[in-house]
Amino acid sequence: MEKNINVYSEIGELKEVLVHTPGEEIERISPNRLDELLFSAILEPKASIEEHKSFIEILKKEGVKVIQLVDLVANTYKQATQKEKDEFIDKWLDEAEPKLSSHNRRLVKQHLLNIKDIKKMLRKMMSGFYTKEIEGIKSNKELVIDPMPNLYFTRDPFASIGNGVSINRMKYPTRRRETIFANFIFSVNKKYKNVPKYFNRNDKYTIEGGDIFIYNKQTLVIGVSERTNIEAIKLIAKNIKNNKECSFKKIIAINVPPMPNLMHLDTWLTMLDYDKFLYSPNMLDVLKVWEIDLTKNKIEAIERNESLESILEKIINKKPILIPIAGKNATQLDIDIETHFDGTNFVVIRPGVVTGYSRNEKTIRALKDAGIKVLSFNGDQLSLGMGSARCMSMPLIREDI
């Protein structure tokens with residue numbers, strides 16, 4: 001039987017992954033709106049696209065099937081009934097930022113549907129519209145619909161969990177619309193519409209994919225961060241527990257206090273091999289951990305006062321090898337700089353083989369010293385969006401280990 005979603009580890013050989021090479025949306029990041037749009041600086045578009053293509057080439061060279069978000073949504077749109085197409089477009093219009101007047105909504109919808117090439121239409125939905133692009137629009141703003149410049153971080157809008165997915169409710173309005181595409185795929189696409197859904201984009205609490213890790217068939221590890229709250233984790237726990245096909249027995253929740261450029265657990269801690277973990281020492285002073293036992297009737301998060309090493313050892317049943325970002329005896333400045341540029345945010349292609357930004361030279365040296373093979377690429381522009389290779393990839397299928 002074909003497995004449409006199969007992710008039961010962080011390190012099993014990566015077979016299929018979802019990515020999004022950025023387009024016009026990153027040309028529409030205003031210097032005056034960097035904080036609102038969640039960027040640290042303006043990206044140079046051509047260089048960003050070339051960097052992303054280099055990332056994809058590494059994955060393809062390693063035998064990974066790379067699926068572009070635009071292609072998957074276009075494929076879904078072709079399968080959709082007219083009613084499903086209308087609902088998809090209307091949802092996008094309903095949630096447009098800034099909110100559309102009825103007059104502007106009608107004109108935007110008409111303009112959008114006049115774009116006969118489906119992929120071009122979808123790219124416009126992602127990039128937003130200048131007011132001057134559509135005749136008759138009444139607005140004193142340059143953009144009648146804002147772009148979605150964070151879309152190249154495909155890790156966050158939904159997350160593959162075992163045989164299912166969580167379709168996430170994002171923390172900030174600028175990213176919340178991104179999940180419209182995931183919701184459409186997992187509601188309509190024949191290949192994906194029947195996969196179990198452990199979270200819904202309309203749920204009350206917020207959760208993002210950068211906080212969600214699958215350590216093995218029994219254990220999920222989820223960050224309690226600025227963007228993922230413990231109530232959301234408890235809701236995922238309840239939904240997983242209610243799915244009889246699911247093998248997960250516990251969820252370990254780890255605190256991620258808000259700090260500059262540390263918004264998800266994967267900017268603090270990542271699993272790279274059967275027993276090797278890359279972490280930022282900045283997390284140790286504020287470490288808090290909770291355990292949710294999915295075998296018990298009551299879903300509750302019990303705090304555990306243990307070291308990171310002890311917690312990981314209990315999950316993998318052996319002593320973990322902990323690799324500090326920037327390497328052993330790194331200065332605090334080195335740690336802060338490499339953490340800022342997502343030095344823990346490597347994605348695993350197969351056990352002990354990872355890819356990420358070449359700018360994190362000290363961390364790469366430490367990884368190689370620990371026996372990790374690093375396939376690096378230049379991410380000087382992409383890193384300004386505050387995410388690296390793990391953020392830019394959502395595994396759909398990993399081989400079981």
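1. Pairing of strands 6 and 7. In this predicted model, strand 6 (residues 164–167) runs parallel to strand 7 (residues 197–199), and the two pair over two bridges. Within this pairing, valine 165 of strand 6 has lysine 197 of strand 7 as its bridge partner.

2. The hairpin of strands 5 and 6. Strand 6 also pairs with strand 5 (residues 158–161), here in the antiparallel sense and over four bridges. Serine 160 is the residue that stands opposite valine 165 in this pairing. Valine 165 is thus matched with serine 160 in strand 5 and with lysine 197 in strand 7. Strands 5 and 6 form a hairpin with two residues between them, and glycine 162 in the turn takes a positive phi of about 65°.

3. Faces of strand 6. Gly164 and Ser166 point to one side of the strand, Val165 and Ile167 to the other, and all are buried. In a regular strand, side chains alternate between the two faces of the sheet.

4. Strands 9 and 10. Strand 9 (residues 219–224) pairs with strand 10 in the parallel sense over six bridges, and valine 224 stands opposite asparagine 255 of strand 10. How many of the six residues of strand 10 (residues 250–255) are buried? Six of the six are, so the strand is largely enclosed by the rest of the structure. Lys250, Ile252 and Ile254 point one way, and Ile251, Ala253 and Asn255 point the other way. Lysine 250 and asparagine 255 are therefore among the buried residues of this strand, given that all six are buried.

5. The principal nonpolar core. The largest nonpolar core has 68 residues, of which Phe88 and Val108 touch the most other members. Helix 8 (residues 179–188) supplies the largest share of this core, seven residues. Beyond its neighbours within four places in sequence, phenylalanine 88 is in contact with Val73, Tyr77, Leu122, Met125, Ile180, Phe181 and Phe184. A second, separate core holds 31 residues, including Phe213, Tyr215, Leu265 and Val354. As a general point, nonpolar side chains in soluble globular proteins tend to be buried together.

6. The salt bridge of glutamate 95 and arginine 201. The structure holds 31 salt bridges. In the one between glutamate 95 and arginine 201, the closest N and O atoms are 2.8 Å apart. Glutamate 95 lies in the loop between helix 4 (82–94) and helix 5 (102–113), whereas arginine 201 lies in the loop between strand 7 and strand 8 (212–214), so the pair ties together parts that are 106 residues apart in sequence. Are the two partners buried or exposed? Glutamate 95 is partly exposed, with a relative accessible area of 24%, while arginine 201 is buried at 4%.

7. Further salt bridges. Glutamate 309 and lysine 319 form a salt bridge whose closest N and O atoms are 2.9 Å apart. Glutamate 309 belongs to helix 10 (residues 308–316) and lysine 319 to the loop between helix 10 and strand 15 (321–324), so this pair ties together parts that are ten residues apart in sequence. Glutamate 309 is partly exposed, with 29% relative accessibility, and lysine 319 is exposed at 53%. Lysine 362 and aspartate 334 also meet in a salt bridge, at 3.8 Å from N to O. Lysine 362 lies in helix 12 (residues 361–369) and aspartate 334 in helix 11 (residues 332–340), so the pair ties together parts that are 28 residues apart in sequence. Lysine 362 is partly exposed, with a relative accessible area of 34%. Elsewhere, Glu24, Arg28, Lys124 and Glu133 are joined into one network by salt bridges that share partners.

8. The chain as a whole. The secondary structure comes to twelve helices and 19 strands. The radius of gyration is 21 Å, close to the 21 Å that the globule rule gives for 401 residues, so the chain is as compact as a globular protein of that length. Along the principal axes, the C-alpha atoms fill a box of roughly 65 × 45 × 35 Å.

9. Burial, contacts and surface. Of the 401 residues in the chain, 59% are buried. Among contacts between residues at least 6 apart in sequence, 72% join residues at least 24 apart. The accessible surface comes to about 16,700 Å², and carbon and sulfur atoms account for 47% of this area.

Technical notes: Residues are numbered from 1 along each chain as its sequence is written. This is a predicted model: local features need pLDDT of at least 70, side-chain atom pairs count only at pLDDT 80 or more; totals for chains, interfaces and linings use all residues. Side-chain values use heavy atoms; hydrogens and water are left out. Buried means under 20% relative accessible area, exposed over 50%, partly exposed in between (1.4 Å probe, protein chains only). Two strands pair if DSSP finds at least two bridges between them. A salt bridge is a side-chain nitrogen of Lys or Arg within 4 Å of a carboxyl oxygen of Asp or Glu. A nonpolar core is a set of buried Ala, Val, Leu, Ile, Met, Phe, Trp, Tyr and Cys residues joined through side-chain atoms within 4.5 Å. Contact means heavy atoms within 4.5 Å. The radius of gyration is taken over C-alpha atoms; the globule rule is 2.2 Å times the number of residues to the power 0.38. Accessible areas come from the Shrake-Rupley method with a 1.4 Å probe; for residues, only the protein chains shown count as cover.
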